[in-house]
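Please read this report with the sequence and the three-dimensional view side by side. It takes up an open space in the protein, then one residue, and then the aromatic rings.

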Amino acid sequence: MKHNLDYLYYILILIFFIATSYYRSGIQGVIETIIIFAIIVGFIYIIDIKTSKDSEKSLAKYYAERNEYEKFLKNNDFDEYNKDLSKEDKYIKELELCNKFLQENPKNEHVLERKAMLCFELGKHKESLAIYEMLSNKQTLLYNRERARCYAALGDKKTALEIIDGYFEIVGGKDMHYYENAVIYKILKEYDNALKNYTLAIKIKPEFYYYEDRAEIYKILGELDKSEADFKKYEELRDKYVEKINKEREKESNKNNKKDKFLNNNFKSLKP
């Protein structure tokens with residue numbers, strides 16, 4: 001659908017310029033306009049293909065790094081779902097394995113990112129920030145929210161909010177902007193400001209996890225009835241979201257099955 005709209009957009013622009021050129025310079029102007037337009041669209045197409053290929057390479061690299069790390073954890077008998085260990089003990093154990101893995105694979109960005117997260121959760125905010133700063137040199141926008149949370153945890157409210165504001169000036173999304181502000185205020189233990197921003201985010205777009213986080217703030221503030229109501233809303237929206245995703249997956253699976261069935265039925269003679 002998006003590509004169809006893109007094509008329509010290009011066609012409308014071309015019609016406009018052809019009409020303008022014909023009015024000003026006749027057939028010669030129309031020919032020149034079509035040639036120039038074709039060159040511009042060609043450049044856009046080439047750039048789009050290159051961007052898509054770069055994105056695919058980046059995604060393939062990420063999955064390769066993640067799979068390598070998951071295999072390493074499995075070989076070292078680490079199970080993140082182990083119920084015998086507390087969350088903190090799991091983080092400590094995995095951080096040890098992270099460091100061990102990075103001794104031999106220091107450039108694995110997935111594991112570096114994982115280590116930064118573990119350090120943050122264990123209160124090692126300076127170490128976490130140092131890793132995110134290093135990673136953000138390669139991906140300018142990718143780790144801005146994580147960096148902001150580290151600065152907040154270190155008590156630098158001004159820098160944290162400036163990073164968030166700068167990030168959303170570029171990427172947009174007013175509801176997420178309020179949500180990330182709320183996360184910063186929550187880390188700073190400014191719970192009234194956190195509550196205000198969660199509420200603004202919910203008014204724009206009632207995502208299920210917004211309700212979950214606001215429920216936690218209500219609980220901290222002692223407003224248990226509101227906390228319970230928000231948590232129920234979170235569960236309701238979460239279940240609807242999961243149901244929607246499952247239906248979409250089932251629909252896509254059925255579509256692929258029909259395609260396979262069609263190919264099998266119509267191309268049997270081509271099989272050896």
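In this predicted model, the largest pocket has a volume of about 650 Å³. Of the 20 residues that line this pocket, those closest to its centre are M117, F120, E121, R149 and V183. The elements that each give two or more residues to the lining are α2 (87–104), α3, α5 (144–153), α7 and α9 (208–220), and among these helix α3 gives the most, with six residues. Sorted by class, the lining of the largest pocket holds eleven charged residues, eight nonpolar ones and one polar one. As general background, rolling a probe the size of a water molecule over the atoms shows where empty space is left.

Helix α3 spans residues 109–121, and K115 lies in this helix. Is K115 buried or exposed? Its relative accessibility is 15%, and because residues under 20% are counted as buried, K115 belongs to the buried class. If its neighbours within four places in sequence are left aside, K115 is in contact with L95, C98, N99, L102, E127 and I131.

The aromatic rings can be described next. A pair of such rings is described by the distance of the centres and the angle of the planes. The structure holds twelve aromatic pairs, and two of them are set out in the table below.

| Pair | Centre to centre | Angle between the planes | Arrangement |
|---|---|---|---|
| Y167 and F168 | 4.9 Å | 90° | edge-to-face |
| Y179 and Y198 | 5.8 Å | 55° | tilted |

The pair of Y179 and Y198 links distant parts of the chain, since Y179 lies in helix α7 (residues 174–187) and Y198 in helix α8 (residues 191–204), with the two residues 19 apart. Both Y179 and Y198 are buried. Which rings are joined with them into a cluster by ring pairs? Besides Y179 and Y198, the cluster takes in F208, Y209, Y210, F231, Y234 and Y241.

How do Y167 and F168, the partners in the edge-to-face pair, stand with respect to burial? Y167 has a relative accessibility of 12% and therefore counts as buried, and F168, at 7%, also counts as buried.

Definitions and conventions. Residues numbered from 1 in each chain as written. Predicted model: local features only at pLDDT ≥ 70, side-chain atom pairs only at ≥ 80, totals over all residues. Heavy atoms only, no water. Helix = DSSP H or I, 4+ residues; strand = E, 2+ residues; numbered from the N terminus. Buried < 20%, exposed > 50% of the residue type's maximum accessible area, 1.4 Å probe, protein only. Contact = heavy atoms within 4.5 Å. Phe/Tyr/Trp six-rings, centres within 6.5 Å; stacked < 30°, edge-to-face > 60°. 1 Å grid on protein atoms, 1.4 Å probe; cavity = no way out; pocket = protein on both sides within 12 Å on 5 of 7 lines; lining within 4 Å. Points joined across faces, edges and corners; volume = space filled by probe spheres on them. Nonpolar A, V, L, I, M, F, W, Y, C, P; charged D, E, K, R; others polar.
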